[in-house]
Amino acid sequence: MDRISQLHDELLLKILAMLPTMKDIVDTMLLSKRWQFLWMMVPRLVYNDNYKNPKYGSFSLFVDRSFFKHDAPVIEALRFKLGSICGSEDIQAWMRSADKRCVRELIIQIDTFTYKHPVLLPWSLFSGGCRMLVTLNISKAILVDDLDSPISFPSLKTLSLKSIKYPCGEFVKKLLSNCHVLEDLVVEQCQADNVNIFTVIVPSLKSLVLKTLDERLANDTQGFVIDAPSLEKIDVFHSSGFCIFENDMTKVVDANLVVDSWKLWKKLGSIASFKRLYLCLPSSKDVYPAGSVFTSLVYLKICTCETEWVNLLMRVLRDSPNLRALRLQQCHILRSKKPRPCWNPSWNEPSSVPECFLSSLETFEWVNYEGAEEEKEAVAFVFRSAKCLKKATINICSKTSDFDKKLEVIKELFSSTRRSPACQLELR
């Protein structure tokens, strides 16, 4: 007996929404009369033109028929993952249809490895058709501008723009200034984005992710200008150009900063609100104003790929009196072939011990520990100085394949003097 078919429509629709694509959902209409029309009410639609290798005509016709027959009052999620099969005209037609529906989340993902022609999105997507839209995620497409038409996203809270070609920098300002309740923004620049200065002026913004990882974009005249006084979280992965903060970020609690150079950056300003911080920087100089203190910082992660990571670590530790957790990790390949620095012996003096080592630091973790000289000194300093340390976890790098060397590293770690008698050492 088919017990599943006896379930309420609401539960069956939740089951159907878990299927990977719209093709799988529509196929359930063949199960029985009970399932014949259920697919039309599923609130989650996923179209993938690479799924099961469909031909152009069959996929395009399938989207046309299923999308236009779909009858749910609200579409919670509509996703198009498109490669080489669909044409730009098809996508524009589907977007115009989406404008007329109550879509809450729209994701348009173009596979540029298989898609040979640029995808041009219709202006109607921005001009007020999707008034119910809360989340918009677009990757690898071209946006057009209609100077005579307004942009309207009255409900949009999450916006992701990855590898987008814009008409110009003014379009970016126009777009963001008409997202009045926007809270989360992700921007990933590409080589042909047509924007030299990416200006982010969004008073309501709480989370911001900026990525510029293409070395071909290296240009001192390009960068970001940020004016977002409500920011609570910021992630910056920036390999070139400048980044200017127009105001102190007094509400930021979570900051991840990975940059190649600080020479074109305006100082961070207020850092007192930071609670979690991840840094991968080439130098400890001019990161933040002298005399500033991370009064709220409880978690610190430092990347050890830069030559001067030790100096950066010590400066932040010195200015973080309430730190509870410290993590060191080589997150990237070593950026410099220069000799790695040695730990400064003068820091062994009690007067140089950071305040957090004496009062608050409880957990210490090192990922990809290789046992290099400066690493040994750093571990020894933490162990003999951290008075309240409860747990230390050392993850030995898999590159340390020589058994004898790895055994030596393990012996050195276990024999290290630990100031805190309660500290438990765990090796992985």
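Which side chain meets that of Glu365 in a salt bridge? In this predicted model, the partner of Glu365 is Arg327, with N and O 3.1 Å apart. The pair links distant parts of the chain, as Glu365 belongs to strand E16 (residues 363-369) and Arg327 to strand E15, 38 residues apart. Glu365 has a relative accessible area of 24% and is therefore classed as partly exposed. Elsewhere, Lys391, Glu426 and Arg428 are joined into one network by salt bridges that share partners.

The protein as a whole comprises 428 residues, of which 49% count as buried. Its secondary structure consists of 9 helices and 18 strands. Of the contacts between residues at least 6 apart in sequence, 64% join residues at least 24 apart. The exposed surface amounts to about 20800 Å², and carbon and sulfur atoms supply 53% of this area.

Side chains of opposite charge can pair when their charged atoms come close. In total, 9 salt bridges were counted. One of them joins Arg34 to Asp9, with an N to O distance of 2.8 Å. This pair also links distant parts of the chain: Arg34 lies in the loop between helix H2 (22-27) and strand E1 (44-48), while Asp9 lies in helix H1 (residues 9-17), 25 residues apart. Arg34 is partly exposed, at a relative accessible area of 31%, and Asp9 is likewise partly exposed, at 40%. A salt bridge within a single helix is formed by Glu170 and Lys173, whose closest N and O atoms are 3.6 Å apart. Both residues lie in helix H5 (residues 169-177), and their separation of 3 residues corresponds to about one turn of the helix. Glu170 is exposed, with a relative accessible area of 51%, whereas Lys173, at 37%, is partly exposed.

Asp319 presents a contrasting case, being buried yet without a salt bridge. The nearest side chain of opposite charge, that of Arg315, is 4.0 Å away. Asp319 is located in the loop between helix H6 (309-318) and strand E15 (325-329). Apart from neighbours within four places in sequence, its contacts are Tyr288, Ser292, Val293 and Phe294.

Aromatic side chains form 15 pairs. In one of these, the ring centres of Phe59 and Trp94 are 6.3 Å apart and the planes meet at 80°, so the arrangement is edge-to-face. Phe59 in helix H3 (residues 56-69) and Trp94 in helix H4 (residues 88-99) are 35 residues apart, and the pair links distant parts of the chain. Phe59 is buried at 5% relative accessibility, and Trp94 is buried at 1%. Trp94 also pairs with Phe80 in a stacked arrangement, with 5.6 Å from centre to centre and 5° between the planes. This second pair connects helix H4 with strand E2 (residues 77-82), which contains Phe80, the two residues being 14 apart in the chain. Phe80 is buried as well, with a relative accessible area of 1%. Phe59, Phe80 and Trp94 belong to one aromatic cluster, which also includes Tyr47, Phe62, Phe67 and Phe68.

Charged groups are also placed over aromatic rings. The charged end of Lys211 sits over the ring of Phe237, at 5.4 Å from the ring centre. The charged end of Arg276 is positioned over the ring of Tyr299, at 4.2 Å from its centre.

Definitions and conventions
Residues are numbered from 1 along each chain as its sequence is written. This is a predicted model: local features need pLDDT of at least 70, side-chain atom pairs count only at pLDDT 80 or more; totals for chains, interfaces and linings use all residues. Side-chain values use heavy atoms; hydrogens and water are left out. Helices (H or I, at least four residues) and strands (E, at least two) are DSSP runs, numbered from the N terminus. Buried means under 20% relative accessible area, exposed over 50%, partly exposed in between (1.4 Å probe, protein chains only). Contact means heavy atoms within 4.5 Å. Accessible areas come from the Shrake-Rupley method with a 1.4 Å probe; for residues, only the protein chains shown count as cover. Lys and Arg count as positive and Asp and Glu as negative; His and the chain ends are not counted. Rings of Phe, Tyr and Trp (its six-membered ring) pair if their centres lie within 6.5 Å; planes under 30 degrees apart count as stacked, over 60 as edge-to-face and the rest as tilted. A charge sits over a ring if NZ of Lys or CZ of Arg is within 6 Å of the ring centre and within 35 degrees of the ring normal.
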